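Hi,

Here is the structure I promised to pass on. Have a look at it first, and my notes follow below.

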Amino acid sequence: PEVLSLLADAPETDGLQLQRALAAQRAGSPQAAAMIEAQARRYALAHDVGSQPEMRDEAEFLLTLRGNAAAALALAQRNFESQRDYEDVDILRRAAVAAHRPDALLPLERWANSQHLAPAQSPAARR
């Protein structure tokens, strides 16, 4: 509920709208369903006009708010090809686990090894 109040006057960017929808769902807000549908329309409109929304955010939407682990994983994998921030690694890991696809973590493990991350630090180790 606090997140919803903090974001109440925030700009209506895709990222902030996603955070609102996630917070509303988590808080059990009666507005959650409407916010989720509005976010789905935002992504659909972006795709219709030939724009690619932030893949990490769209993957989070698909995984957390739509429960579509396979689609979330596909986006997270595409995103991981060029983005490797903590959040990018996290959504890839969570989507792979939810989709029951441990094989999808092989590129992550190869990357972690190439960065000389210790096994305990490896993002894949947190499966």
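By a nonpolar core I mean a set of buried Ala, Val, Leu, Ile, Met, Phe, Trp, Tyr and Cys residues joined through side-chain atoms within 4.5 Å. Keep in mind as you read that this is a predicted model.

With that in hand, the largest nonpolar core has 28 residues, and the members that touch the most others are F61, L65, L92 and L108. Two or more residues each come from α2 (14–27), α3 (32–48), α4 (55–65), α5 (69–80), α6 (86–98) and α7 (106–114). In soluble globular proteins, nonpolar side chains tend to be buried together.

L92 is a nice place to start looking around. Leaving out residues up to four places away in sequence, L92 touches L73, A76, Q77, F80, A104, L105 and L108.

F80 turns up again when you look at the rings. Searching the whole structure gives 2 aromatic pairs. In one of them, the ring centres of F80 and W111 are 5.9 Å apart and the planes stand at 90 degrees, so this pair is edge-to-face. It also ties together distant parts of the chain, with F80 in helix α5 and W111 in helix α7, 31 residues apart. Both F80 and W111 are buried. F80 has a charged partner too: the charged end of R84 sits over the F80 ring, 4.3 Å from its centre.

Now for α4, which I'd look at next. Why call this helix largely enclosed by the rest of the structure? Because 9 of the 11 residues of α4 are buried. They are M55, D57, E58, A59, E60, F61, L62, L63 and L65, so you'll find two of the core residues named above, F61 and L65, in that list. The cover over the buried residues of α4 includes α2, α3, α5 and α6. Just after the helix, G67 takes a positive phi of about 70 degrees.

One residue of α4 deserves a separate look, and that is E60. Is E60 buried or exposed? Its relative accessibility is 16%, and the cut-off for buried is under 20%, so E60 counts as buried. The side chains of E60 and T64 are joined by a polar contact of 2.4 Å. Setting aside neighbours within four places in sequence, E60 is in contact with L18, L22, L65, I91 and R94.

That's what I have so far. Shout if anything is unclear.

Cheers

Notes: Residues numbered from 1 in each chain as written. Predicted model: local features only at pLDDT ≥ 70, side-chain atom pairs only at ≥ 80, totals over all residues. Heavy atoms only, no water. Buried < 20%, exposed > 50% of the residue type's maximum accessible area, 1.4 Å probe, protein only. Helix = DSSP H or I, 4+ residues; strand = E, 2+ residues; numbered from the N terminus. Contact = heavy atoms within 4.5 Å. Phe/Tyr/Trp six-rings, centres within 6.5 Å; stacked < 30°, edge-to-face > 60°. Lys NZ or Arg CZ within 6 Å of the ring centre and 35° of its normal. Polar contact = N/O pair within 3.5 Å; in protein donor to acceptor, adjacent residues only side chain to side chain.
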